There are 2 protein chains.
Amino acid sequence: MKYLLLVAHGSRREASNEEVRELAAKMNSMEHDFDAVGSAFLELAEPLIPDGIRQAIASGAKEVTVLPYFLSAGRHVVTDVPAEVDSVRPEFPKITINLAPYLGSAEHIPGILLDQANQVNG
Amino acid sequence: MKYLLLVAHGSRREASNEEVRELAAKMNSMEHDFDAVGSAFLELAEPLIPDGIRQAIASGAKEVTVLPYFLSAGRHVVTDVPAEVDSVRPEFPKITINLAPYLGSAEHIPGILLDQANQVNG
């Protein structure tokens, strides 16, 4: 069983965390190559990344792909998220845990931004 | 002349700000309906949003479209960016200043995230 875990920063504003959970649910409802899609947070919201990974494995995942929902290759993407992922690897030596490239690195982002701009361009 | 101003939060890490400037340059190099694409920041980096708008108009823009490079409809998107934009409107009563929907609201984001995940999915 393959599990996709969307990982966001987490916010004191619960509506922002809920937006991330709804995004994961939306992704889950689309056609994709995983058996389930869930979400977790670096801080300020639950589940935190290690618990999100543990829950995925408890639900039967043999492979977990962690996908950083971040725009910039800052400290969170470069250091913090990988460290949280690495912190649980020793618990599950037989489980494959992948780290996907962060959203901001997607090649389609510039085109999507231009599409957004055209929605209000007179 | 139509100017597109990509607006990001701004970071103490200058490489992150440079990433935003390079993204705007990338967009500018693509086919689009604007005469120029530039960038500005809510805080911590330059130009700040009001100065970014002023510079666009000084360079000849008659219409400026502000595009929030943010993932979540939090305080920055809902309150702070619109307030910065509104703060300069009285200086330019004859210029149209549009506010585009923020990146996170783009309908293609879920599909792009699934694409990113598939890059490492075994």
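In this predicted model, chain B holds an open sheet of 4 strands, set in the order β2-β1-β3-β4 with parallel pairing. The edges belong to β2 (36–41) and β4 (96–99) of chain B; each has a single partner strand, so one side of each is left without a neighbour in the sheet. From one strand to the next, the twist averages 25°.

Let us look at one pairing in chain B. Strand β3 (residues 63–68) of chain B runs parallel to β4(B), and the two pair over 4 bridges. Which residue of β4(B) is the bridge partner of Glu63(B)? The partner is Thr96(B). A helix covers part of this sheet as well: α3 (residues 75–88) of chain B lies across β1, β3 and β4 of chain B, at about 180° to β4(B).

Now for chain A. Here too there is an open sheet, with 4 strands in the order β2-β1-β3-β4 and parallel pairing. At its edges stand β2 and β4 of chain A, each with a single partner strand, so one side of each has no neighbour in the sheet. The twist averages 25° from one strand to the next. Strands β3(A) and β4(A) run parallel and are joined by 4 bridges, and Thr65(A) stands opposite Asn98(A) in β4(A).

Several helices lie across these sheets, and some of them come from the other chain. The table sets them side by side.

| Helix | Strands it lies across | Angle |
|---|---|---|
| α1(A) | β1, β2 and β3 of chain A | about 165° to β2(A) |
| α4(A) | β1 and β3 of chain B | about 130° to β3(B) |
| α4(B) | β1 and β3 of chain A | about 130° to β3(A) |

That brings us to the place where the chains meet. The contact takes 46 residues from chain A and 46 residues from chain B. The area buried between them is about 3800 Å², and carbon and sulfur atoms give 65% of it. What holds for charged and polar pairs here? Between chain A and chain B there are 0 salt bridges, while 17 residue pairs are in polar contact, both residues being at pLDDT 80 or more. On the side of chain A that touches chain B, the elements giving two or more residues are β1 (2–8), α1 (14–29), β3 (63–68), β4 (96–99) and α4 (109–118) of chain A. The largest share, 9 residues, comes from α4(A). By class, this side of chain A has 24 nonpolar, 15 polar and 7 charged residues.

Salt bridges do turn up in the structure, with 12 over all chains. One of them joins the side chains of Arg54(A) and Asp51(A), at 2.9 Å from N to O. Why can these two be linked to a helical turn? They are 3 residues apart in helix α2 of chain A, which means that about one helical turn separates them.

Finally, a look at the backbone. Most residues other than glycine have a negative phi, and most peptide bonds are trans. Against that background, the loop between β2 and α2 of chain A holds Leu44(A), whose phi is near 75°, a positive value in a residue other than glycine. Pro47(A) has its place in the loop between β2 (36–41) and α2 (49–58) of chain A, and a cis peptide bond joins Glu46(A) to Pro47(A), with omega about 0°. In chain B, the peptide bond from Glu46(B) to Pro47(B) is cis, with omega near 0°, and Pro47(B) sits in the loop between β2 and α2 (49–58) of chain B.

Conventions: Residues numbered from 1 in each chain as written. Chains lettered and ligands numbered in written order. Predicted model: local features only at pLDDT ≥ 70, side-chain atom pairs only at ≥ 80, totals over all residues. Heavy atoms only, no water. Contact = heavy atoms within 4.5 Å. Buried area = accessible area lost by both parts, 1.4 Å probe. Salt bridge = Lys/Arg side-chain N within 4 Å of Asp/Glu carboxyl O. Polar contact = N/O pair within 3.5 Å; in protein donor to acceptor, adjacent residues only side chain to side chain. Nonpolar A, V, L, I, M, F, W, Y, C, P; charged D, E, K, R; others polar. Pairing = 2+ DSSP bridges. Axes fitted to C-alpha atoms, helices over the stretch in contact; angles between N-to-C directions.
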